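The questions below ask why certain descriptive terms apply to this model. Each answer sets a value against the criterion and concludes.

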Amino acid sequence: MTQRLAIGSITPSSNRVVERTLAGILTAIPEIDSCIARIPYDAAGNGQPRHGYDHASYRQAAGMLGHARVGVVCWNGTRGAGFGLDADRALVATMAEAAGCPATTTSLAAMELLDALDARRIGIVTPGDAAYAEHAAHGLGRDLVAVRSLGLLNNDEAAAVPVARIAALAREVAAEARPEAILLWSTNLFGLPAMAPLEAGLGIPVIDSATDGVWAALRAVGAPMAPVARLGRIFTLGG
């Protein structure tokens, strides 16, 4: 009997959006299963070191996803860009060993996509403050030319932000500086439905951070991208 393909996602414990994003994408690719695990990260950001990762929690989460025989594990969180991608590369090694399959992260996927788009000047929409966006852009090796911040203090508040509000802020970023790409930079912002309409209206690639991890995971297992190309330009890259 042939095992169905599956992708595994590790997400912060306070996240309410990654499952929604996976469901929205995989509806169009029903032959792919998704499995979710969580690591401690509450609404105020407690549960992980301020400038790094608690590898033990990721090792445990990845190991449990390995029990489901997933083909890839993705850390679906944006923290890595803020304190350097070397930390994400080390985390990938930990997760891959524990799960017994390849691994990736949201930030590493964003770097790949920005490289593929040849996008150096970026704009960011973030639920946090402008400093968070600046650290992320620096970690990704990009020039931040415009940012819109929601000023939210707790991670769980981001999940309640309406898609229309996210899209409006992205349009403000585009109007201010005409970046080469716009990042919706929190996996707890539900940016998936905004990507394609924004790209059609602005002519600028839009990368939703919860979605880019799913893109990387689907690519890793060789999933077909054509069924989801309508959701955003990223699904036409690197398939």
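Q: What makes the sheet with the order 2-1-3-4 an open sheet, and which strands are at its edges?
A: In this predicted model, 4 strands follow one another in the order 2-1-3-4 with parallel pairing. Strand 2 (32-39) and strand 4 (103-105) are the edge strands, since each pairs on one side only. Neighbouring strands of this sheet are turned against each other by 20° on average, with direction ignored.

Q: How do you know that strand 3 and strand 4 pair?
A: Pairing requires at least two bridges. Strand 3 (residues 73-75) and strand 4 have 3 bridges, in the parallel sense, so they meet the criterion. One pair of bridge partners is V73 and A103, the latter in strand 4.

Q: Which helices pack on this part of the model, and at what angles to strand 4?
A: Helix 4 (residues 85-99) lies across strand 1 (5-12), strand 3 and strand 4, and runs at about 145° to strand 4. Helix 5 (residues 106-117) packs on the sheet and touches strand 3 and strand 4. The direction of helix 5 makes about 80° with that of strand 4.

Q: Why are helix 5 and helix 9 called roughly perpendicular?
A: Their axes cross at roughly 80° and come within 8 Å. Angles of 65 to 115 degrees count as roughly perpendicular, and therefore helix 5 and helix 9 are given that description. On the helix 5 side the contact is made by T106, A109, A110, E112 and L113; on the helix 9 side, by S209, D212, G213, W215, A216 and R219. By class, these residues divide into 5 nonpolar, 3 polar and 3 charged.

Q: Why is helix 1 called oblique to helix 9?
A: The axes of helix 1 (residues 18-26) and helix 9 (residues 209-220) cross at roughly 50° and come within 9 Å. That angle makes helix 1 oblique to helix 9, because it falls in none of the ranges for roughly parallel, roughly perpendicular or roughly antiparallel. The crossing is right-handed. T21, L22, I25 and L26 in helix 1 meet A210, T211, V214 and L218 in helix 9. The contact of helix 1 with helix 9 has 6 nonpolar residues, 2 polar residues and no charged ones.

Q: What makes strand 6 and strand 8 edge strands?
A: The sheet in question is open, has 4 strands in the order 6-5-7-8, and has parallel pairing. Strand 6 (143-149) and strand 8 each pair on one side only. On average, neighbouring strands here are turned by 20° against each other, direction ignored.

Q: How do you know that strand 7 pairs with both strand 5 and strand 8?
A: The criterion is at least two bridges. Strand 5 (residues 121-126) is joined to strand 7 by 4 bridges, and the two run parallel; G123 stands opposite I182 in strand 7. Strand 7 and strand 8 (residues 206-208) pair over 3 bridges, again in the parallel sense, with L183 opposite I207 in strand 8. Both pairings therefore satisfy the criterion.

Q: Which way do the residues of strand 7 point, and are they buried or exposed?
A: In strand 7 (residues 181-184), A181 and L183 point one way, while I182 and L184 point the other way. All are buried. In a regular strand the side chains alternate between the two faces of the sheet.

Q: What joins strand 5 to strand 6, and which helices pack against this sheet?
A: Strand 5 and strand 6 run parallel and are joined by 6 bridges, with I122 opposite L144 in strand 6. Helix 7 (residues 163-177) lies across strand 5, strand 6 and strand 7, at about 145° to strand 6. Helix 8 (residues 192-202) packs on the sheet and touches strand 7 and strand 8, its direction making about 175° with that of strand 8.

Q: Why is S186 called buried?
A: Its relative accessible area is 6%. Buried means under 20%, so S186 qualifies. S186 lies in the loop between strand 7 and helix 8. Leaving aside neighbours within four places in sequence, S186 is in contact with T78, P127, N155, A158 and S209.

Q: Why is S149 called partly exposed?
A: S149, in strand 6, has a relative accessible area of 33%. That lies between the 20% limit for buried and the 50% limit for exposed, so S149 is partly exposed. Apart from neighbours within four places in sequence, its contacts are T126, P127, G128, D129 and A130.

How values were computed:
Residues are numbered from 1 along each chain as its sequence is written. This is a predicted model: local features need pLDDT of at least 70, side-chain atom pairs count only at pLDDT 80 or more; totals for chains, interfaces and linings use all residues. Side-chain values use heavy atoms; hydrogens and water are left out. Axes are lines fitted to C-alpha atoms, for helices over the stretch in contact, and angles run from 0 to 180 degrees between N-to-C directions. Angles under 35 degrees count as roughly parallel, over 145 as roughly antiparallel, 65 to 115 as roughly perpendicular and the rest as oblique. A crossing is left-handed if the near helix is turned anticlockwise from the far one by less than a right angle, and right-handed if clockwise. Contact means heavy atoms within 4.5 Å. Ala, Val, Leu, Ile, Met, Phe, Trp, Tyr, Cys and Pro count as nonpolar, Asp, Glu, Lys and Arg as charged, and the others, Gly among them, as polar. Buried means under 20% relative accessible area, exposed over 50%, partly exposed in between (1.4 Å probe, protein chains only).
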